[in-house]
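Please open the structure in your viewer and keep the sequence panel visible. The tour below proposes a series of selections and states what may be found at each one.

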Amino acid sequence: MIVKTLLENTRVSKEFKKMHGLCLYIETTKHKILFDLGADGKFIKNAKKLGVDIKSIDTVVISHGHIDHGGGLKHFLRRNKTAKIYIRENAFDKHYSRAFKIKFNIGLKRRFKKHPQIELVNSNLIIDDELTLITNVKRQNLNPMINSRFTVKKGKLDDFSHEQNLIINDNHNSYLFCGCAHCGITNILCKAKGFARYQIKDVIGGFHLYYLVRHKQEDNNFINITAYMLKNENINYYTGHCTGLNSYEQLKLTLGDRINYISTGSVIEI
């Protein structure tokens, strides 16, 4: 399986466009997938440089209803008329981020909700023998405190029921992809193990240990406990985006070579 990072906060070289957001190209035995679409169309230009034909994509998974993960939807739809796009049914609800007593709209454009390529997901979903979506993760352990900065309508705290994660079963291994892991990476991993066809070999995505607007990272103790819990699993980790560079370095002190950072332009074969 090949994973190419089409968009992330950092980049491997100036040849690529970078932006706060995430877009991963995943090529499996049966599928060509985009996991998230970034905030705008920058992933399109990066895709060309990495040899990815957007028209060949057959499946898109948008992890949750925040613009840095689904804002590129209109750019994708202009170029691909056939792919199925899986997104939680409430991902098009209003979503906000709070900072310095200011509320920012970070939601997706509601006009796309009824687009014919959109497949609204209302529960855990087995797409086929390779792809499974898991939703409604219970936030029981190590729930990121940074989540308190995100709200929905009428100022209510976001419960992140619009978040979904992708399990890929390929070549007798299972892989977990998460966009921001708002429900807590350890909680998501716990649920994923119950749905994966094989042992989970790798986890790829953001772990939400950093809040961009306030340049604030999770408490050191929180990060250290997360690292030790992840270390207890026989799994490799590839992370970036909302994990934050400082948090990543702190995780690496515990996880060592079992964790690596993905930047725009990086290519991994797993």
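Helices (H or I, at least four residues) and strands (E, at least two) are DSSP runs, numbered from the N terminus. This is a predicted model, in which local features need pLDDT of at least 70 and side-chain atom pairs count only at pLDDT 80 or more, while totals for chains, interfaces and linings use all residues. Residues are numbered from 1 along each chain as its sequence is written, and side-chain values use heavy atoms, with hydrogens and water left out.

**First selection: the whole chain**

Display the chain as a cartoon; its secondary structure comes to six helices and 19 strands. The C-alpha trace spans about 45 × 45 × 40 Å along its principal axes. Of the 270 residues, 58% count as buried, where buried means under 20% relative accessible area, exposed over 50%, and partly exposed in between (1.4 Å probe, protein chains only).

**Second selection: Asn-147**

Select Asn-147, which is placed in the loop between strand E10 (131-135) and strand E11 (150-151). Is Asn-147 buried or exposed? Asn-147 is buried, because its relative accessible area is 4%.

Now show the side chain of Asn-143: the side chain of Asn-147 makes a polar contact with it at 3.0 Å. A polar contact is a pair of N or O atoms within 3.5 Å; within protein, one must be able to donate a hydrogen and the other to accept it, and residues adjacent in sequence count only if both atoms are side-chain atoms.

Which residues are in contact with Asn-147, leaving aside its neighbours within four places in sequence? They are Arg-139, Phe-160, His-182 and His-208, contact meaning heavy atoms within 4.5 Å.

**Third selection: helix H1**

Select residues 42-49, which form helix H1; its buried residues are Phe-43, Ile-44, Asn-46 and Ala-47. To see what covers these buried residues, add the elements that the cover includes: strand E1 (2-7), strand E2 (23-27), strand E3 (32-35) and helix H3 (73-79).

**Fourth selection: Gly-51**

Move to Gly-51, just after H1, which takes a positive phi of about 75°. Gly-51 is placed in the loop between H1 and strand E4 (59-61). Gly-51 counts as exposed because its relative accessible area is 64%. Finally, add Lys-4, which lies 47 residues from Gly-51 along the chain; the C-alpha atoms of Gly-51 and Lys-4 are separated by 9.8 Å.
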